[in-house]
Amino acid sequence: VQNPREIALRAGDAARIADELARKNPAVRVIHNPVNLGVGTGLLVGMAAAKNDLVFVNGVDLPFDVKDLAGILPFFPEHDAVAVVRTDRSAHSFWRTITSVGNYLLVRLLFRTGIRDHNFVQVYKRESLARVKVRSRSPCFVTPELLIRIRDAGMKIGQYRTRFHPRRKGKASYGRPRDILWTFSDMMAFFLERSGIRW
């Protein structure tokens with residue numbers, strides 16, 4: 001069991017390092033949340049704070065090589081968003097693979113998106129993000145809902161295939177039962193909303 005004080009100290013160290021980077025590089029902006037908002041809400045907070053024309057979402061464990069942005073930028077300005085598609089999930093644990101594929105298949109079944117990956121990495125036009133409002137806050141349904149709402153609004157979504165880079169340190173926390181239930185709850189609430197069913 002991890003000591004909560006040690007976790008808090010590591011978080012404090014990360015905050016100080018981030019602040020120091022921001023002081024040295026004006027392109028870096030640091031957002032301090034008073035409490036842990038979770039992945040879903042954290043993504044939305046970061047997107048809302050973006051200032052430039054394109055908003056790029058990547059994991060802190062860098063599963064996407066930023067050099068691949070060179071292959072994505074030509075999609076703009078014609079497209080409103082680009083979903084990056086993992087070419088394999090071999091770095092996932094067996095449980096993570098089952099939950100990830102299960103989530104993907106359920107989204108495809110319920111929403112008929114045609115998108116090959118909803119939860120990896122995305123690049124959005126900031127103006128496109130401003131046109132939609134996401135109700136989900138769960139770890140694994142914020143970006144699927146966002147992509148679906150963008151598509152439903154008549155905007156154009158491109159897809160770009162690339163390699164998934166496994167994390168070098170730390171342990172992934174996705175796939176916990178409470179997160180699966182939370183994600184499923186958000187997914188069904190959105191499905192009912194789009195179906196015009198009041199609940």
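**Exercise 1.** Is T113 buried or exposed in this predicted model?

*Solution.* Begin with the place of T113, which is in the loop between α4 (94–111) and β3 (121–125). Next, take its relative accessible area, which is 9%, and set this against the cut-off, by which a residue under 20% counts as buried. T113 is therefore buried. Finally, list its contacts, leaving aside neighbours within four places in sequence: these are V107, R108, H118, I148 and R151.

**Exercise 2.** Determine how many residues of helix α6 are buried, and say which residues they are.

*Solution.* Helix α6 covers residues 142–152, and 9 of its 11 residues are buried, so that the helix is mostly covered. Reading along the helix, the buried residues are V142, T143, P144, E145, L146, L147, I148, R149 and I150. One of them, I148, is also a contact of T113 from the first exercise. Beyond the helix, α6 is followed by G154, whose phi is positive, near 85°.

**Exercise 3.** Describe the second largest pocket by its volume, its lining and the character of the lining residues.

*Solution.* The space in this pocket is about 210 Å³. Its lining is made by L44, M47, A48, A50, R126, L129, A130, V132, K133, V134 and L146, and L146 is also among the buried residues of α6. To assign the lining to helices, note that α2 (38–49) and α5 (126–129) each supply at least two residues, while the largest share, 3 residues, comes from α2. Sorted by character, the lining holds 9 nonpolar residues, no polar ones and 2 charged ones.

Definitions and conventions:
Residues are numbered from 1 along each chain as its sequence is written. This is a predicted model: local features need pLDDT of at least 70, side-chain atom pairs count only at pLDDT 80 or more; totals for chains, interfaces and linings use all residues. Side-chain values use heavy atoms; hydrogens and water are left out. On a 1 Å grid over the protein atoms alone, a cavity is a set of points where a 1.4 Å probe fits but cannot get out, and a pocket is an open set with protein on both sides within 12 Å along at least five of seven lines; lining residues have an atom within 4 Å of a point. Grid points are joined across faces, edges and corners, and a volume is the space filled by probe spheres set on the points. Helices (H or I, at least four residues) and strands (E, at least two) are DSSP runs, numbered from the N terminus. Ala, Val, Leu, Ile, Met, Phe, Trp, Tyr, Cys and Pro count as nonpolar, Asp, Glu, Lys and Arg as charged, and the others, Gly among them, as polar. Buried means under 20% relative accessible area, exposed over 50%, partly exposed in between (1.4 Å probe, protein chains only). Contact means heavy atoms within 4.5 Å.
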